[in-house]
Amino acid sequence: MNEPTGLRARKKARTRDAIADTAVSLFLEHGFDRVSVNDIAAAAEISKPTLFRYFPTKEDLVLHRFADHQGEAARVVRDRSSGTTPVTALHRHFRASLDRYDPVTGLNDHPQVVAFHRLVFTTPSLAGRLTRYQLEDEEALADALGEGIQARLQAAQVLAIQRVLARANWQKIADGRTARDVHPEALADADHAFNQLR
């Protein structure tokens, strides 16, 4: 009897999440460079080829958590209401993410989130791989904004703003402040940055 496609997809997603969670736990405990793919496969009780079917590279084990946000800026621009400029839609979306304390904004003080960001920001191979994700997002946003150099420049500026704001928020929290304490500054910084972009 064949398994329903939806069930198979959910099972695959659960397996993928379990492998990644195991890997991130090991990375946080021992450091990214001290944990091998063999260590992860053994801890997750799977074979190395199975691990690579889910995650082509070791870096992907960490950065898949950003996949939910892949192409998000482009979606915000495409789905904006009539009469709303792209920059206004992106600004509102970022503010709403700050209000939700979305980890992608850097404004989240859960210890695991702070440790996860530290892992990403301080591991050169992860930071490099994250840059590749950001370049893909930039290309998608440029396509949503239009054609030509103007769209590419605006996409690069928006994503640079979001990256700098998220890193600044994370740093304040990593330095010991709470997300609730940083929140008003994060909103003010976002307003200032997006107003400059306009």
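**Helix 7 meets helix 9**

Okay, let's start with one pair: helix 7 and helix 9 cross each other, and that crossing is left-handed. Before going further, keep in mind that what you see is a predicted model.

So what are the residues on each side? From helix 7 we have Val114, His117, Arg118 and Phe121, and they meet Arg167, Trp170, Ile173 and Ala174 in helix 9. If you sort the residues of that contact by character, you get five nonpolar, one polar and two charged.

Now the geometry. In general, you describe two packed helices by the angle between their axes and the distance between those axes. Here, helix 7 covers residues 111-122 and helix 9 covers residues 148-174, and their axes come within 10 Å. The crossing angle is roughly 120 degrees. Angles of 65 to 115 degrees would count as roughly perpendicular, and over 145 as roughly antiparallel; helix 7 and helix 9 are therefore oblique to each other.

Let's zoom out to the protein chain. How many helices and strands does the chain have? Ten helices and zero strands. Reading from the N terminus, you just go α-α-α-α-α-α-α-α-α-α.

A few overall numbers for the chain. Its C-alpha trace spans about 50 × 45 × 30 Å along the principal axes. There are 198 residues, and 40% of them are buried. On the outside, the chain exposes about 11200 Å², with carbon and sulfur atoms supplying 51% of that.

Last one, on contacts along the sequence: take those between residues at least 6 apart, and 65% of them join residues at least 24 apart.

Note on methods:
Residues are numbered from 1 along each chain as its sequence is written. This is a predicted model: local features need pLDDT of at least 70, side-chain atom pairs count only at pLDDT 80 or more; totals for chains, interfaces and linings use all residues. Side-chain values use heavy atoms; hydrogens and water are left out. Axes are lines fitted to C-alpha atoms, for helices over the stretch in contact, and angles run from 0 to 180 degrees between N-to-C directions. Helices (H or I, at least four residues) and strands (E, at least two) are DSSP runs, numbered from the N terminus. Angles under 35 degrees count as roughly parallel, over 145 as roughly antiparallel, 65 to 115 as roughly perpendicular and the rest as oblique. A crossing is left-handed if the near helix is turned anticlockwise from the far one by less than a right angle, and right-handed if clockwise. Contact means heavy atoms within 4.5 Å. Ala, Val, Leu, Ile, Met, Phe, Trp, Tyr, Cys and Pro count as nonpolar, Asp, Glu, Lys and Arg as charged, and the others, Gly among them, as polar. Buried means under 20% relative accessible area, exposed over 50%, partly exposed in between (1.4 Å probe, protein chains only). Accessible areas come from the Shrake-Rupley method with a 1.4 Å probe; for residues, only the protein chains shown count as cover.
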